[in-house]
Amino acid sequence: MSDVIVHVKNVQKTYKQGSIEVHALRGVTLELARGEFAVLAGSSGSGKTTLLNLVGALDVPTTGEIDVEGRMLSSMTGKDLAELRLRRLGFVFQAYNLIPVLSAYENAEYVMLLQGEPAEKRREKVMKVLESVGLKGMENRRPTELSGGQQQRVAVARAIASEPALVLADEPTANLDSKTGSDLVATMRKLNEEHGITFLISSHDPKVIRHAARVIRLEDGAIVSDERQNGKPAVGYNPVDAATEDSEAWRGGNADGEDYDGD
Ligand SMILES: Nc1ncnc2c1ncn2[C@@H]1O[C@H](COP(=O)(O)OP(=O)(O)O)[C@@H](O)[C@H]1O
Ligand SMILES: [Mg+2]
């Protein structure tokens with residue numbers, strides 16, 4: 001299999017609001033390799049959500065093409081696209097989007113239910129995944145009985161429980177305090193490392209950007225820079241490099257202690 005998981009080719013997206021046209025993306029070209037942990041940075045209105053929605057097959061480009069795992073999205077049927085979203089992609093949204101009447105366990109299990117996984121297998125995966133995001137022991141809590149950071153961890157658990165190839169996260173730390181946001185990014189990076197899941201995360205949060213191996217900057221609908229940073233390998237990030245800085249987070253803890261983040 002090709003190790004390019006996402007190929008965005010000269011994509012433009014124009015929204016029409018009555019007689020006004022908004023050029024949300026103005027010719028974006030981008031390749032994402034399997035296993036990358038990349039952040040899509042840029043101020044509000046720069047086109048981050050638009051690009052994630054297009055890559056996630058939630059919307060279609062005005063012009064240009066997007067391939068996901070070597071398949072051209074525009075050539076796929078609605079049914080194929082739904083299958084792709086269900087089986088190959090995971091989504092994490094700014095507002096968590098958990099189902100309020102379901103427990104953490106049931107929320108995390110939800111995508112697997114849709115996938116038709118047998119109960120035994122679901123249970124095994126859900127317990128493992130909740131533990132890996134630091135929520136062991138909180139399986140039976142409803143979203144209202146969890147903090148914002150814990151709710152977002154459930155959302156991450158839900159996104160990865162189904163073992164997607166690619167997780168698209170839209171400003172996942174926007175509603176979290178500094179420490180909680182930092183822990184969440186570290187958790188996502190651990191999942192990237194341990195499970196080889198590719199992450200494309202939109203954010204203008206400096207903490208998220210600081211943790212990224214690759215930062216793609218959007219400005220006014222165009223990519224203005226695309227850099228690898230901190231000597232971190234873009235593929236197969238090594239947690240040992242960050243062990244000192246993130247020792248709390250790597251234990252999966254929301255454990256207290258000083259706010260090492262400093263911002
Ligand atoms: N559904 C829509 N209809 C019209 N304009 C939109 C729509 N969605 C986004 N836009 C506009 O497209 C531009 C990019 O928006 P967006 O992708 O949401 O940026 P970001 O996520 O970086 O804040 C903005 O000018 C925004 O107002
Ligand atoms: Mg946005």
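Q: In E4, which residue is the bridge partner of Gln12?
A: Welcome to this predicted model! Strands E1 and E4 (residues 63-68) run antiparallel to each other, joined over five bridges. Within E4, the bridge partner of Gln12 is Thr63.

Q: In what order do the four strands of the open sheet with antiparallel pairing come?
A: Let's start from the edges. E2 and strand E5 (71-72) each pair on one side only, and are the edge strands. With antiparallel pairing throughout this four-stranded open sheet, the order is E2-E1-E4-E5.

Q: Which strands does H1 touch as it packs on that sheet?
A: Helix H1 spans 48-55. Its direction makes about 120° with that of E1. The strands touched by H1 are E1, E2 and E4.

Q: Which element gives the most residues to the shell around ligand 1?
A: The surroundings of ligand 1 include Tyr15, Gln17, Val22, Ala24, Lys48, Thr49 and Thr50. Strand E1 (4-17), strand E2 (20-33) and helix H1 (48-55) each supply at least two residues of this shell. With three residues, the element that gives the most is H1.

Q: How many residues of the shell around ligand 1 are polar?
A: Among the residues surrounding ligand 1 are Gly42, Ser44, Gly45, Ser46 and Gly47. Glycine is counted as polar here. Beside three nonpolar residues and one charged residue, the number of polar ones is eight.

Q: Which are the edge strands of the open sheet of six strands?
A: This sheet has mixed pairing and the order E6-E7-E8-E3-E9-E10. On average, its neighbouring strands are turned by 15° against each other, direction ignored. Pairing on one side only, the edge strands are strand E6 (89-92) and strand E10 (222-228).

Q: In E9, what is the bridge partner of Leu40?
A: Strand E3 (residues 37-41) and strand E9 (residues 214-219) run parallel, and four bridges join them. In E9, the partner of Leu40 is Ile216.

Q: What angle does the direction of H5 make with that of E6?
A: Helix H5 covers residues 148-161. H5 packs on the six-stranded sheet, where it touches E6 and strand E7 (166-170). The direction of H5 makes an angle with that of E6 of about 170°.

Q: Is H3 roughly parallel or roughly antiparallel to H5?
A: Helix H3 (residues 104-115) packs against H5 at an angle of about 30°, and their axes are 7 Å apart. Angles under 35 degrees count as roughly parallel. Therefore H3 and H5 are roughly parallel.

Q: Is the crossing of H3 and H5 left-handed or right-handed, and how many charged residues does their contact hold?
A: The crossing of these two helices is right-handed. From H3 come Ala104, Asn107, Ala108, Glu109, Tyr110, Val111 and Met112, while H5 contributes Val154, Ala157, Arg158 and Ala161. The contact divides into eight nonpolar residues, one polar and, as charged ones, two.

Q: Is H4 roughly perpendicular or oblique to H5?
A: Helix H4 (residues 119-132) packs with H5 at an angle of about 135°, their axes 9 Å apart. An angle of 65 to 115 degrees would count as roughly perpendicular, and one over 145 as roughly antiparallel. The angle of H4 with H5 fits neither class, so H4 and H5 are oblique.

Q: How many nonpolar residues are in the contact of H4 with H5?
A: H4 passes H5 in a right-handed crossing. Lys125, Val126, Val129 and Leu130 of H4 meet Ala157, Ile160 and Ala161 of H5. One residue of this contact is charged and none is polar, while the nonpolar ones number six.

Methods. Residues numbered from 1 in each chain as written. Chains lettered and ligands numbered in written order. Predicted model: local features only at pLDDT ≥ 70, side-chain atom pairs only at ≥ 80, totals over all residues. Axes fitted to C-alpha atoms, helices over the stretch in contact; angles between N-to-C directions. Left-handed = near helix turned anticlockwise from the far one by under 90°. Contact = placed C-beta atoms within 7 Å. Near = placed C-beta within 6 Å. Pairing = 2+ DSSP bridges.
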